[in-house]
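Work through the exercises below with the sequence and the model side by side. Try each task before reading its solution.

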Amino acid sequence: MTMDIALITAGQMYRYYLRQVVVGDGRRPTRTPLARAQEEAGVPAGQWMGRGLTVLGLAARDVVTEAQLRNLFGERGRHPHAHLIEAEQLAAGKSPKAAWKAGDLGRQVKVTGLDLVFRPQPTIYLLWALGDDETRRVIEAAHERAIERVLEWIEDQVAVIRFGKDGVYQVRPPGGLVAARFRHYEARSGMPLLHDHLMLSVKGQRLDGKWGSVHSKVLFENTVAASALYNEIVMMEVCEALGLASEPRTVTAGRRPVMEIAGVPHELIRWTSRRSDQIATCRADLEHEYVTAVDDDGNLKFAPEVSEQARAKLNRIAAKMTRPPKQQARPLAQLRERWKTSAILTSGVTVDVIDSLLEYARAAAGAIRARVAAVVDVALAAVDVTAMVFVMNKDGFFHRRHLLAEARRHLALVLRGRRREPDLDEEIVDAAIATHCLGISEPKTLRGRMSAYRFYTARWPLADPPTRRRLPDAEPETGHRPPAGPGTPDTPRLPLEPGEWDIPRLPLLYQRAVIASTILSARLRAARRTGRDLYDVFAHQQAAMPEQLVLFDQEEQPIWKKTKPVDVAALRTDLEALELTADQLRRLGRAGQRLDTLRKDANQRAHQTVAGNAPSAQGAPSADPGSQQHGRSRGPDQRL
């Protein structure tokens with residue numbers, strides 16, 4: 001996830017943000033004015049953002065002053081110009097108490113804001129750090145536009161102000177929100193890391209003119225969806241501006257891949273990931289202690305295997321244990337010169353490649369765009385998104401925000417850096433809820449009746465979905481295995497990731513890709529039996545699946561009407577990390593046959609449960625590739 005979130009309290013404002021964050025994570029000398037400290041650190045001054053600036057007498061891109069920050073974030077949510085308002089009131093003869101109250105924005109609060117940290121994908125900030133000045137400016141502009149778009153989405157779709165008894169009523173802030181943005185250039189390790197701190201104030205004005213506070217829990221709940229939106233937009237803006245394309249890269253086997261700029265050597269990513277290596281080494285030690293720790297009676301203190309939740313917590317502990325101290329901030333020109341020299345000497349990438357990084361990326365983008373068509377079939381995307389969210393979430397229950405985040409990841413994978421129509425992600429979510437989801441919540445409160453808090457599950461019945469990885473037939477080596485706990489059988493272990501100890505872990509949930517592909521294949525078989533044109537279906541399938549899971553045989557492939565056949569074997573997709581065996585492929589085939597036989601029964605039960613919500617397959621229109629707009633298809637039968 002490339003957007004982090006944290007609370008800002010009045011005390012943290014003075015201890016951390018005014019001393020370090022506002023000056024590029026350096027150390028601000030005592031009694032040094034903010035403007036001079038930023039100039040010495042070589043970082044730009046902070047800027048105001050948000051639609052709520054007008055009512056406060058501010059404007060977008062105005063420079064953020066120390067007094068404004070202290071009032072809004074450090075004095076429990078006062079007006080940025082509270083010190084000036086108070087002076088005017090005192091000059092007009094008002095009492096000190098009345099003058100102080102005139103500068104308040106509603107009730108004072110302890111949590112004054114949220115710190116949203118945005119950072120682009122590693123290959124993007126590598127181009128930013130090692131490219132020329134024009135490339136740097138283009139990437140910075142794309143980064144800023146993506147942040148602006150996420151802030152607009154938060155203002156329009158996420159942020160709510162609670163009022164009434166126990167906050168029973170919730171309204172959007174019609175005037176928008178206020179945020180201060182600060183630019184940073186490097187990570188704690190000294191490696192390049194373009195990122196911005198967006199200090200978002202919780203203060204918002206209601207329709208009646210009164211000031212209230214944005215519910216911070218809602219912002220935390222939508223962090224993943226906001227991060228997916230930022231990832232998609234910043235990648236799209238950079239690719240469109242520089243003529244590039246994206247590709248999926250598997251960071252950890254069995255986990256979700258990330259979209260990166262194609263053509264940028266992965267050795268450069270490893271060059272910047274020193275912190276990741278340190279965290280991984282420390283986490284391996286912690287996992288070893290976790291599975292071998294025993295109490296005084298010789299019983300295991302924890303679980304015999306490391307679950308995904310436990311591993312995430314151990315990863316956070318390892319990150320804190322290996323966290324280096326912050327370095328003194330330096331001007332960007334010095335940093336870029338040092339980064340380039342270090343990359344040439346230590347990354348293992350040749351000088352010619354580093355000097356021509358943008359040209360290599362453009363060449364890779366040309367090859368990808370020539371063989372991958374930007375086709376988004378809303379009906380098929382709805383099936384894929386619902387299946388993945390159903391498998392990934394606990395007990396198969398999820399909210400609308402989970403579908404929205406997965407829809408944005410799906411669009412990033414299929415479009416490969418191309419632009420899309422506005423609200424296409426929302427349309428995919430609407431199609432998924434209307435066709436493949438079943439509301440299971442029983443709202444008893446006003447909040448429970450809101451669409452954002454409704455619980456859903458998938459309509460299709462799946463008995464024993466294969467969400468866990470199949471154990472290997474042969475045991476790995478036992479020489480490096482930690483001792484088993486008392487009474488623990490010596491069972492086969494999961495395959496190791498490169499460089500890791502043989503720690504027993506529960507399988508990762510990303511194997512949802514198997515069940516999602518099975519459901520998508522059954523959906524495509526049902527579409528083929530209808531006899532409709534398969535052009536859009538085939539193009540969509542080849543853009544998102546490897547060759548071993550493609551439905552059509554070579555002799556069955558439909559005739560392409562716009563582009564040449566896709567070289568599926570050349571695609572680097574997220575499912576390649578599965579390395580499916582022949583036995584697993586046979587299991588997929590049998591699962592598809594079972595889903596075929598259950599399809600009619602599932603649709604019948606769905607109609608009985610929510611009559612009239614799902615459209616009829618017979619009355620659905622057929623897909624016409626000639627009627628596509630911007631590579632978009634409406635897909636016909638939207639039932640499983």
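**Exercise 1. Which residues does leucine 177 touch, not counting residues up to four places away in sequence?**

Solution. Some ground rules come first. This is a predicted model, in which local features need pLDDT of at least 70 and side-chain atom pairs count only at pLDDT 80 or more, while totals for chains, interfaces and linings use all residues. Residues are numbered from 1 along each chain as its sequence is written, and side-chain values use heavy atoms, with hydrogens and water left out.

Step 1: find the residue. Leucine 177 sits in the loop between β5 (169-171) and β6. Helices (H or I, at least four residues) and strands (E, at least two) are DSSP runs, numbered from the N terminus.

Step 2: list its contacts (heavy atoms within 4.5 Å). Leucine 177 touches Met49, Gly50, Arg51, Gly52, Leu53, Ile154, Glu155, Ala159, Leu200, Lys203 and Val214.

Step 3: take one partner. Arginine 51 is 126 residues away along the chain, yet the C-alpha atoms of leucine 177 and arginine 51 are separated by 5.8 Å.

Step 4: check burial. Buried means under 20% relative accessible area, exposed over 50%, and partly exposed in between (1.4 Å probe, protein chains only). With a relative accessible area of 1%, leucine 177 is buried.

**Exercise 2. Give the strand order of the open sheet that contains β7, and identify its edges.**

Solution. Step 1: apply the pairing rule. Two strands pair if DSSP finds at least two bridges between them.

Step 2: read the order. Five strands make an open sheet, β1-β3-β7-β6-β2, with antiparallel pairing.

Step 3: find the edges. β1 (3-9) and β2 (47-49) each have a single partner strand, so one side of each lacks a neighbour in the sheet.

Step 4: add the twist. On average, neighbouring strands of this sheet are turned by 30° against each other, direction ignored.

Step 5: count bridges to β7. Strand β3 (residues 111-118) is joined to β7 by six bridges. β6 is joined to β7 by seven.

Step 6: match residues across the strands. Aspartate 115 has methionine 199 of β7 as its bridge partner. Phenylalanine 182 stands opposite histidine 197, and arginine 183 opposite aspartate 196.

Step 7: inspect the turn. β6 and β7 form a hairpin with five residues between them, and glycine 190 in that turn has a positive phi of about 90°.

**Exercise 3. Are the two faces of β7 covered or open?**

Solution. Step 1: recall the rule. In a regular strand the side chains alternate between the two faces of the sheet.

Step 2: sort the residues. Pro192, Leu194, Asp196, Leu198 and Leu200 lie on one side, and Leu193, His195, His197, Met199 and Ser201 on the other. All are buried, so both faces are covered.

Step 3: conclude. Ten of the ten residues of β7 (residues 192-201) are buried, so the strand is largely enclosed by the rest of the structure.

Step 4: look at two helices that lie across β7. Axes are lines fitted to C-alpha atoms, for helices over the stretch in contact, and angles run from 0 to 180 degrees between N-to-C directions. α3 lies across β1, β2, β3, β6 and β7, at about 60° to β7. Helix α7 (residues 133-158) lies across β2, β3, β6 and β7, at about 30° to β7.

**Exercise 4. Which residues of helix α2 are buried, and why do they line one face?**

Solution. Step 1: list them. In α2 (residues 34-41), Leu34, Ala37, Gln38 and Ala41 are buried.

Step 2: view down the axis. The buried residues fall within an arc of 100°, taken from the directions from the helix axis to the C-beta atoms, so they line one face of the helix.

Step 3: turn to the other side. Ala35, Glu39 and Glu40 are exposed there.

Step 4: find the cover. α3 (66-74) and β6 (179-186) are among the elements covering the buried residues of α2.

Step 5: step past the end. Glycine 42, just after α2, takes a positive phi of about 80°.

**Exercise 5. With which side chain does the side chain of tyrosine 17 make a polar contact?**

Solution. Step 1: place the residue. Tyrosine 17 lies in helix α1 (residues 10-17). Its relative accessibility is 3%, so tyrosine 17 counts as buried.

Step 2: list contacts beyond four places in sequence. These are Leu7, Ile8, Gln12, Val22, Asp115 and Met199.

Step 3: test for a polar contact (a pair of N or O atoms within 3.5 Å; within protein, one must be able to donate a hydrogen and the other to accept it, and residues adjacent in sequence count only if both atoms are side-chain atoms). The partner is the side chain of aspartate 115, at 3.1 Å.
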